[in-house]
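Biologist: Could you take me through the surroundings of the ligand in this model with some care, and then place them beside the other local features that deserve a look?

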Amino acid sequence: MAEINEIIKPENLVYAKSKVLTDNVMSYCPGCTHGVVHKLIAEVIEEMDIQEKTIGVCPVGCSVLAYNFLDIDWQQAAHGRAPAVATAVARLKPEKIVFAYQGDGDLASIGTAEIIHACNRGENMVVIFINNGIYGMTGGQMAPTTLEGMPTSTSPYGRDIKMTGHPLRITELIAQLPGTNFVTRQAAHTPASVRKCKKAIRKAFDNVAAKKGTSFIEVVSTCSSGWKLSPVKSNEWMVEHMFPFYKLGDLKDE
Amino acid sequence: MAEYRLMKGNEVIAEAAIRFGCDGYFGYPITPQSEIMETLMLRKPWEETGMVVLQAESEVAAINMVYGGAACGKKVLTSSSSPGISLKQEGITYIAGAELPCVIVNVVRGGPGLGTIQPAQSDYFQAVKGGGHGDYRLIVLAPASVQEMNDFVGLGFDLAFKYRNPVMILSDGVIGQMMEKVQLGDFKPRWTDAEIIKMHGSWATTGKTPDRKHNIITSLELDSYRQEKFNHKLTAKYKTISENEVRFEEISCEDAEYLFIAYGSSSRICQKAIELARAKGIKVGLLRPITLFPYPTKKIQSMLSKLKGILAVEMSAGQMVEDVRLAVEGKVPVEHFGRFGGVIPTPNEVVQALEEQIIKRK
Ligand SMILES: Cc1ncc(C[n+]2csc(CCOP(=O)(O)OP(=O)(O)O)c2C)c(N)n1
Ligand code: SF4
Ligand SMILES: [Mg+2]
């Protein structure tokens, strides 16, 4: 006992949970990218000292409960509508920093109109886009982002592009829109990629603080439950299959 | 000094919103209500009061912008006409479920489907009985004049914030398009964040401060028992509203043996029908519900002992008449008379319907 108490000293602290994260136990599956990205957003908010200024808009999807995990004011939006909800916050409370947090079904399927138009208007907001290529929350159905041949519960023999169209690289579309100033595709599966991802999130929040318009961050993600793979295998599958199609890096940085 | 103007019903909604200190308007064009946004864009209230006006990409987006603005504690308004109001239903139930205040104007046109751009009252069920999913109610105000289009913007926001509930102004193409003399309200300043908190408590997402827990605006509850508890809370709220907020107008009811029940532009037609009928010696009056939810059920019940029959007049195939029948419980004859699909009934037709369907009824 005595030995442990000697070790637990401020100077020995190597890691502390961000104060912006609540103590609630996260509802995400082990290895889920949502949890990692939540942590990064919390750290950025803490580092920028903008807890009082930040308003989050969370989606319908596994991250619907994001409001339980970050200690900021939140609005929970209808499926796909977070960019419209966040538009009003950005317009009516320009002194605040608003971010929309969305999954790929939410952003790239049911909410396509809302995200395209919010980005085209250049709403002063951060968009965090968790692309795990699947509908996690509802049990692993096909998403617009599901890769060709990838099995899901509504494409049990693998996605047939003749029947359902091609996987949608919506971030490439978003980058075309003059309202966006920073569009990037990141990952969060290794220490190095986590650090890079956090840098991108920080830049996006800085941009919004500087009123530069929309900053858009896609995070290519895993969904071990939906993919029916272990967390480790999910990461391997993502590197092998997702990264060649969803290429990491900045698409636009003005 | 009172300020009078000759204005269209739609235009006055815009003017009233600016004068009442509205913070934001979000809409999408549709006939017969486009003058609301057009008037706002011409007036440029952002230069005057800071009010935000935005043409959204769809009614879906517009109502979700209303959600976002209302969740910040702001006074936000949207308007549309029937097909657009159908698109807004998802957002409206989320707003009701998250207990947010807002005002939604429906300048009703005939349906179903794309229907007609001409006036109708065929969205009564949608406004009063639901429209979106789940157990919720809107407070529904039915203006019958351009003056009431003006007045109900202010009344609507007062009620919306008092009960943290969405309010619908259920107008129609006649009231929206016609011009009348209107007395405009005085200019009121927009609320500051501090005023919002002082007046309405600190439920809104104004940014988490160290002195309070973080505010979460949501309609999600994963635990059934907690959801049921919340449904009970909503039900109790709707009961309070029913007890306290019923509004109606009585015209020529003192000696009436027969009664028209009509709201909005139908009530205007009934007023002329009363003149025509009384000239023939028929003692008929008018009960005009001003609130459609809450409905003047008790008022109707209190009038029954003197009545020989009731004609519900509405520009629909028969919607409000169901609430009349629920109130009357079979105690006196109730009939419905309607022209619809954009056709407006004439006062003569209404008198004829009273004679044939009620007075001569065996
Ligand atoms: C209007 C509507 N349609 C469908 C649903 C059901 N639903 C809930 S979450 C979801 C998909 C979420 O997938 P995604 O956005 O990719 O988020 P993830 O869970 O993968 O993070 C769907 C279809 C809903 N809640 N609302
Ligand atoms: S189902 Fe998928 S997206 Fe949802 S928490 Fe689990 S791993 Fe994450
Ligand atoms: Mg997904």
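Modeller: What follows begins with the ligand and then turns to the backbone and to one sheet.

The model is a predicted one, and within it ligand 1 lies between chains A and B. Around ligand 1 there are 17 residues, of which His34(A), Cys62(A), Asp104(A), Asp106(A) and Gly136(A) come nearest. Sorted by class, this shell holds 6 nonpolar, 8 polar and 3 charged residues.

Several polar atoms of chain A lie opposite oxygen atoms of the ligand. From the side chain of His34(A), a polar atom is placed 2.8 Å from an oxygen atom of ligand 1, while for Cys62(A) it is a polar backbone atom that is 2.8 Å from an oxygen atom of the ligand. The backbone of Gly105(A) likewise offers a polar atom, 2.9 Å from an oxygen atom of ligand 1. On its own, ligand 1 has 590 Å² of accessible area, and the protein covers 77% of it. Two elements of chain A, helix 4 (104–110) and strand 5 (134–135), are those that give two or more residues to the shell, and helix 4 of chain A gives the most, with 4 residues.

Elsewhere in chain A, Asp49(A) has a positive phi of about 55° although it is not a glycine, and this residue is found in the loop between helix 2 (33–48) and strand 1 (54–58).

Chain B has its own backbone features. The peptide bond from Gly111(B) to Pro112(B) is cis, with omega near 5°, and Pro112(B) sits in the loop between strand 5 (102–108) and helix 6 (124–129) of chain B. A cis peptide bond also joins Phe293(B) and Pro294(B), where omega is about 0°; the loop that holds Pro294(B) runs between strand 13 (291–293) and helix 12 (297–303) of chain B.

Chain B also contains an open sheet of 5 strands in the order 10-12-11-14-15, with mixed pairing. Strand 10 (248–251) and strand 15 (334–337) of chain B each have a single partner strand, so they stand at the edges and one side of each is left without a neighbour in the sheet. From one strand to the next, the twist averages 20°. Within this sheet, strand 11 (residues 258–261) and strand 14 (residues 309–313) of chain B run parallel and are joined by 4 bridges, with Ile261(B) standing opposite Ala312(B) in strand 14. Helix 14 (residues 347–359) of chain B lies across strands 11, 12, 14 and 15 of that chain, running at about 140° to strand 14.

Notes
Residues numbered from 1 in each chain as written. Chains lettered and ligands numbered in written order. Predicted model: local features only at pLDDT ≥ 70, side-chain atom pairs only at ≥ 80, totals over all residues. Heavy atoms only, no water. Pairing = 2+ DSSP bridges. Axes fitted to C-alpha atoms, helices over the stretch in contact; angles between N-to-C directions. Contact = heavy atoms within 4.5 Å. Near = heavy atom within 4 Å. Polar contact = N/O pair within 3.5 Å; in protein donor to acceptor, adjacent residues only side chain to side chain. Areas by Shrake-Rupley, 256 points an atom, 1.4 Å probe, with all protein chains shown as cover. Nonpolar A, V, L, I, M, F, W, Y, C, P; charged D, E, K, R; others polar.
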